[in-house]
Amino acid sequence: MKRRNFVQASLALGALGSMVGCATTGTIPNRARVLVIGGGYGGATAAKYVRMLSNYKIDVVMVEPNTNFVSCPISNLVLGGSKTMGDITTPYDKLSGKHGVTVVKDMVSTIDAAKKTVTLAGGATIGYDKLILSPGIDLMWNSIEGLQAANASGQILQAWKAGPETLALRRQLEAMPDGGVYAITIPLAPYRCPPGPYERASQVASYFKKAKPKSKVLILDANPDVTSKGPLFKKFWAENYQGMLEYRGAHKAIAVDARTSTVKFEVQNDVKADVLNVLPNMSAGAIAMKSGLANANARWCNVDYLTFESTAAKDVHIIGDSTLSAPLMPKSGHMANSHGKVVAAAVVAQLSGMAVNPNPVLTNTCYSFVNDKLVVHVASVHQYVAAEKTFKTVAGSGGVSAAPNELEGVYAWNWAQNIWADTLL
């Protein structure tokens, strides 16, 4: 498949592959309720598509603590200075005003799968016929000694959940003196967005090259090598950030000292930096962990990939970053959006007495900005394989950029605009 055709078709293919076989027979109930927890790429997409695929007959309630959707993809550009928080923020008003999703601004404190109810932090209880859980990731603070306190104080930030910390980290970079050091630590895979930390380091280096040319970027990676688009990143770094950006693999962070702005490693010597951006290990979202749904190594959620139904609780469907990923399936925003469409189609089919599509398709594209204009991508198509009860990448689908280029920068921004519209508008 040619690059241009893949980009234009990927979102549409994901939707089409999810919906085949979903709208021909059966009776859609008028009073069924689907409850969605989480308004990110997975949850907001699922909420919208359940309404659409049921001809707006199924009631959908989405519980989300934030007033606006803030995109993690593209947020690294805020750190680099070429985008603002306003550029990556979209209100939820179209989900409610246009699609009739009831958006509840709150958090879920408990899930009672036996009674099919959830209790909100505010005290209210909501019942459901189907629950779609899309809580994203949680940060395993205890995996790095001292990090939780350092983060709470605002001294050592993660900014891996786009929002206030994104802006706070940008301000730390702006305040850092020319000649200072920014260091990012990367946890062992799996974690949210495999190429994201390397894009972030590239964005910071791009900013330093223009505004603080004596400064340095350190990438301290617990993995032995760059986990995604490695040759592309490393070639660009060597050609454009020589002497400014340094990559060190097999550096597993185990502790931080906020007082001295130091990170400690399992084997190597301590590293001190003016700005520390420490990413701990990650797990399924807190509500999934608390509810006993993280039944894969007590960290991720096992699901039946045909319907995304939890293997731990009936009528609870889990999507997005919290799932135990299928082979070569990244924890990305585009993938969560694809999950949302597949689960919406499956839930509508089940509530309507129809057969679930036996051959759902997922698509994924991940763009990475290596400076403010040049971009590389990786893309893939994933087909459900009934014999193995999982998704597998389709041979020859997608691919990787040959080299960074400005045209892909145009594609990347258009991708963002399209997927935000597909998810929220």
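**Helix H10, its partner H2 and some backbone features**

Helix H10 is followed by Gly353, a residue with a positive phi near 75°. In this predicted model, H10 comprises 19 residues and spans 27 Å from its first C-alpha to its last, close to the 27 Å expected at 1.5 Å a residue. Of these 19 residues, 17 are buried, so H10 is largely enclosed by the rest of the structure.

One helix in contact with H10 is H2. Helix H2 (residues 41–53) packs against H10 (residues 333–351) at an angle of about 35°, and their axes lie 7 Å apart. The crossing of H2 past H10 is right-handed. On the H2 side, the contact is formed by Tyr41, Gly42, Thr45, Ala46, Tyr49, Val50 and Leu53; H10 contributes residues including Gly333, Ala336, Gly340, Lys341, Ala344 and Val348. Sorted by class, the contact holds ten nonpolar, five polar and one charged residues.

Turning to the loops, two residues that are not glycines have a positive phi. For Ile74, phi is about 85°; this residue sits in the loop between strand S3 (68–70) and helix H3 (76–80). With a relative accessible area of 6%, Ile74 falls under the 20% cut-off and is therefore buried. For Ala159, phi is about 50°, and its place is the loop between helix H5 (147–152) and helix H6 (164–175). Ala159 is likewise buried, because its relative accessible area is 2%.

A cis peptide bond completes the picture: the bond from Ala189 to Pro190 has an omega near 5°. Pro190 belongs to the loop between strand S11 (181–186) and helix H7 (196–211).

Key: Residues numbered from 1 in each chain as written. Predicted model: local features only at pLDDT ≥ 70, side-chain atom pairs only at ≥ 80, totals over all residues. Heavy atoms only, no water. Axes fitted to C-alpha atoms, helices over the stretch in contact; angles between N-to-C directions. Helix = DSSP H or I, 4+ residues; strand = E, 2+ residues; numbered from the N terminus. Left-handed = near helix turned anticlockwise from the far one by under 90°. Contact = heavy atoms within 4.5 Å. Nonpolar A, V, L, I, M, F, W, Y, C, P; charged D, E, K, R; others polar. Expected span 1.5 Å × (residues − 1). Buried < 20%, exposed > 50% of the residue type's maximum accessible area, 1.4 Å probe, protein only.
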